[in-house]
Amino acid sequence: MDDIFKALADPSRRTLLDLLYEKDGRTLNDLCAHLQMSRFGVMKHLRILEEAGLLTTRKVGREKYHYLNPASIRQIYDRWVSKYAEPWVSGLSLLKKELESEPAMEPKPRHVSRIAIKTSLEQVWNALTNPSLTSKYWYNGSLRGELKAGCPYEIWNPQGQVQAKGEFLAVEPPRRLVMSWQLLIQPETTEEKPSRLTWEIEPHAEFAGVTLVTVVHDEFEEAPVTSRILEEGLPIVLSGMKTLIETGGALTT
């Protein structure tokens, strides 16, 4: 967590995070246009932010896109914000956002979150697909369905209600799981078209025994309720998975 605070100490790096908050998925050229510094300087700041886990990158063709990674910021929140204060903090934050927000120029094409877990790829895959484990970090949701491409699945809560449903689009253990996604917990979400979740599991390039878990949410309609829920919820799911695997305990109840 020291790396996170060191990365946030520089105003230029905070500006870069603000730019990604305004519009996710920016290229280096796009970000450089907003800062009065050399291209090399911007690249250096982006590298520090990525090493701290505050942003993630994805390469498409020749372009490299940068995304805000809320999972790391969520870890700070979970550590110091009381569970009793959370509803008040959340409400005030949403009120502030509504009062200060301006109409968005264009919708975010996707949400990307990433977290590092001290474990193996196989253990992450087990945590992601084992119903007895998903129920401990995925908002008490138990994943049910044959783990095979083309097969349907459902996520059940302890009360016997289906929280979400979809279809496994790609199953490639222990590195990749792609699933269509439809939330059923709110009336508005049941009317929306299914979106897509892609889980990517890979070994850390520098640290042995550390696995990087990336989840991408895309193929959703413009500003649906589902996308707003997952933008807030996926970092908690990732943090919960990390806590479960590394400590055996639950992040939330």
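Start by selecting Thr226, a buried residue with a relative accessible area of 6%. You are looking at a predicted model, and this threonine is a handy first anchor for the tour.

**Stop 1: Thr226 and its surroundings**

Colour helix α10, which covers residues 225-247, and you will find Thr226 in it. Because its relative accessible area is 6%, and buried means under 20%, Thr226 falls in the buried class.

Now show the side chain of Glu192 as well. A polar contact of 2.6 Å joins the side chains of Thr226 and Glu192. To see who else is there, display Trp181, Leu183, Thr189, Ser195 and His217: together with Glu192, these are the residues that Thr226 touches, leaving aside those up to four places away in sequence.

**Stop 2: the cavity beside it**

Keep Thr226 and Glu192 on screen and add Lys193, Ser195, Phe220, Glu221 and Pro224. These seven residues line the largest cavity. About 30 Å³ of space lies inside this cavity, and the structure holds one cavity of 30 Å³ or more. What is the lining made of, in terms of nonpolar, polar and charged residues? The lining of the largest cavity divides into two nonpolar, two polar and three charged residues.

**Stop 3: across to Thr190**

Next, pick Thr190 in helix α9, residues 187-190. Draw a distance from its C-alpha atom to that of Thr226: the two are separated by 9.3 Å, with their positions 36 residues apart along the chain.

Is Thr190 buried or exposed? The answer lies in between, as Thr190 counts as partly exposed at 32% relative accessibility. Its side chain reaches the backbone oxygen of Pro187 at 2.7 Å. Not counting residues up to four places away in sequence, Thr190 touches Gln182, Leu183 and Leu184. Leu183 should look familiar, as it is also among the residues touched by Thr226.

**Stop 4: the tryptophans**

Trp181, already on screen as a contact of Thr226, leads to the next selection. Add Trp138 and Trp199, and you have a cluster linked by ring pairs: Trp138, Trp181 and Trp199. The structure holds three aromatic pairs. One of them, formed by Trp138 and Trp181, is stacked, with 5.7 Å centre to centre and 5° between the planes. Trp138 sits in the loop between α8 (131-134) and β4 (142-144), while Trp181 belongs to strand β7 (residues 176-183), so this pair ties together parts that are 43 residues apart in sequence. Both Trp138 and Trp181 are buried.

**Stop 5: backbone details**

Step one residue along to Tyr139, which shares the loop between α8 and β4. Check its backbone: phi is positive, about 50°, although Tyr139 is not a glycine. How accessible is Tyr139? At 42% relative accessibility, Tyr139 counts as partly exposed.

A second positive phi is found at Glu219, near 55°, again in a residue other than glycine. Look for Glu219 in the loop between β9 (211-218) and α10. Glu219 is exposed, with a relative accessible area of 53%.

For one more backbone feature, zoom in on Pro173 and Pro174. The peptide bond from Pro173 to Pro174 is cis, with omega near 0°. Pro174 lies in the loop between β6 (162-172) and β7.

**Stop 6: the second largest pocket**

Now select Glu50, Glu51, Gly53, Ala116 and His204. Of the 27 residues that line the second largest pocket, these lie nearest its centre. About 820 Å³ of space lies in this pocket.

Which elements supply at least two residues each to the lining? Colour α1 (2-8), α4 (39-51), β1 (55-60), α5 (70-80) and β3 (110-117) to see them. Strand β3 gives the largest share, four residues. By type, the lining of the second largest pocket divides into twelve nonpolar, six polar and nine charged residues.

**Last stop: the whole chain**

Zoom out and switch to a cartoon view. The protein chain has ten helices and nine strands. Of its 253 residues, 42% are buried. Among contacts between residues at least 6 apart in sequence, 51% join residues at least 24 apart.

Notes:
Residues numbered from 1 in each chain as written. Predicted model: local features only at pLDDT ≥ 70, side-chain atom pairs only at ≥ 80, totals over all residues. Heavy atoms only, no water. Phe/Tyr/Trp six-rings, centres within 6.5 Å; stacked < 30°, edge-to-face > 60°. Buried < 20%, exposed > 50% of the residue type's maximum accessible area, 1.4 Å probe, protein only. 1 Å grid on protein atoms, 1.4 Å probe; cavity = no way out; pocket = protein on both sides within 12 Å on 5 of 7 lines; lining within 4 Å. Points joined across faces, edges and corners; volume = space filled by probe spheres on them. Nonpolar A, V, L, I, M, F, W, Y, C, P; charged D, E, K, R; others polar. Polar contact = N/O pair within 3.5 Å; in protein donor to acceptor, adjacent residues only side chain to side chain. Contact = heavy atoms within 4.5 Å.
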